[in-house]
Amino acid sequence: MAVGRDALHSNDQDALDQPLLLDPAKLEAEMRSCNHDPDCPGCRVAYLKHPKASAPLRLLLGLAFVLLCTSLPISVVYPFVYFMVKDFHIARVDTDIGFYAGWIGSSFMIGRASTGILWGSIADRFGRKPTMFAGVASVVVLNTLFGLSTNFWMAVTTRFILGCFNGMLGVVQAYASELCNEEQQPLGLSVVGTAWGLGLIIGPAVGGYLAQPALKYPSVFTSGSLFDRFPYLLQALCISSIAVFGLFVVCLLPETLHRKSSVPKVEDLEKSNPLNSKEEKVESIFRNWPLMAATTLYCLWSLHDMAYSELFSLWSVSPKSYGGLGFTSSQVGSVLAVAGCAMLGAQLGVFPTVCRMVGPIRACRFGALITIPLLVAYPYFGRIQGPWLSVTVYAAAILKYILTTAVLTGSFILINNCVKQRQRGAANGFSLSIVSVFKGLGPAIGGIVFSYAQKRQHSWFFPGDHLVFLFLNVFALLTVLTSFEPFLPKSANRLIADD
C-alpha cells in the first residue's frame, strides 16, 4: 500500500487514515498493467477509485480552474462581436452583421473539430497533463493576438488556430472520471460541467465590461491610448493573465494515465488486456453504440447551446425596432454573470443529488424538455416595460443556464460511462472532434438565421425573432428524442467497470 500513500493528493484526511486504501489484488493488477513499475503515475492515484475513498476536492477544483482558463475565450466575444464586426466595416448594412459575427464565433470550434481526435490520442499516449498544458498555453498567446485584431480575417484566423490547440475538454472529462470512483462520478463531472459553464458565463461578463474601454471609461483610458487603438485588447489580456496561473496549476496536478507497453489508439483495434496475460480483442469505439448515441445527444445540445449563447447576445443588443431588447454589452455581461453564479450553486449543490436519483439520461431529457417552453416565451420579452424587463431577462437566463448545465453534465457522464479507461481519452477526443463541428455550426447557422429574421419582422409565419427561437427549439426537441430507447440504451446510466 506504499504506492498509494506516497502520492496522496486528496484533501480529505479521513482518506489518509484508512488502513486499506486499495485492495491488494487490485493494486497487484494495477502494477501488472504498468510492467511492475512502482512509479507509474496511474497507480499512484489509483487509491482514489476505491469505493470508500473520499472525493478529491482539491484536485477537482484545480482541474476546474484549468478548464475555466480554456473556456473563457470561447464566449468572451459574444457581448461585443456585434460591435467588433461593425468596427471592421465589412458588413454593408447592419442586418448583415449577424452573418459575419457567426463566423467569428464559429471559427474556434471549427479549429477544435479538426484536432480533437489528435489531442485525444496524444493524451492516451503521452498523458493527460501535456494536453492540458498545451491548451492553456495556447490561450496565453493566441487569445492575446485575437485582442490585437484589426480586421475580420485576422480575428477569424486567430480564433481558428486557438481552437486547433484547444482540444482538452474531452481530456479533462476523462481525467475527472479517473479521479473519482463510481459513486463520485456525478460530482466529478458536475465540477467539470460547472467550470465549463461558468467559463461560458464569466467570459461574456469580461467581454461586456472590458471591451471598448475608451468609450466606457474615458477618464481611465484616454483617446489615442493603446486600448483606444485596440478596443478589444483589454479583455484579451485579462483572460490571458488568468491562463498564466492556469499553467502553474496544470504542473501541480498528478498524472492519471497508466504506463503501458501498448497504448490504445483511436481505432483500438487489438491489444493485450492490461490486467492479465491473455490476449483479447478490444471493441472499437466506433462499434460502441451507447457511446455513439451519447455523443449524438451531446452534439445536438451543443449546437443548440452555442447558437443560443450567440443569439441571446445578438438579440439582446439589437435595437428594439428589430425585435431586440436594446441592451448594452455591459448589461448583457451582467445578465450572464448573475446567471453563472446561480448556475454554480445549483450545479454543485443540487445536480449530483438529482443525477443519483434520476440518472444522467433523465437529467438530459428533462433539462432539454423544460427548455422548449422557456424559449417560446423569449420573443415576448420586448413587450415588457420598465424594471420588470430586467427581472424577467435575469430570471430566464438563470433558468436557461441551469438547464443547459444539467444536459451538458449528464452527457459528459454518459460518454464516460460507455468506455473503459484504456479507451477514455480516445473516446472523449472523438466526441470532442464531432461536437466541435456542431459547436462551430451553431453560431454560424445561428448568425445566418438571425440576419434573415431581422429582415422579416412582419412576416405572418414566425416573424422576426420568433424564427430565431424556433430554430433553437428544434434542436432542443431533437435532444429530448435522442434520450429515449432504443436510440440511447439505459445501460449508459451505469459506468463500465475496468478489467
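These notebook entries record what I looked up in the structure above.

Entry 1, the model. I noted that the model is predicted, so that local features need pLDDT of at least 70 and side-chain atom pairs count only at pLDDT 80 or more, whereas totals for chains, interfaces and linings use all residues. Residues are numbered from 1 along each chain as its sequence is written, and side-chain values use heavy atoms, with hydrogens and water left out.

Entry 2, helix H7. I looked up H7, residues 97-126 (helices are DSSP runs of H or I with at least four residues, numbered from the N terminus), and found that its 30 residues reach 43 Å from first C-alpha to last, close to the 44 Å expected at 1.5 Å a residue; the expected span is 1.5 Å times one less than the number of residues. H7 bends by about 50 degrees at Thr115, the bend being the angle between axes fitted to the seven residues ending there and the seven starting there. Just after H7, Gly127 has a positive phi of about 120 degrees.

Entry 3, Tyr308. I found Tyr308 in helix H15, residues 289-317, and it counts as buried because its relative accessibility is 1% (buried means under 20% relative accessible area, with a 1.4 Å probe and protein chains only). Leaving aside neighbours within four places in sequence, Tyr308 is in contact (heavy atoms within 4.5 Å) with Leu375, Tyr378, Lys400, Tyr401 and Leu472. I also noted that Tyr308 and Gly442 lie 134 residues apart in sequence but 8.1 Å apart in space, C-alpha to C-alpha.

How values were computed: Buried < 20%, exposed > 50% of the residue type's maximum accessible area, 1.4 Å probe, protein only.
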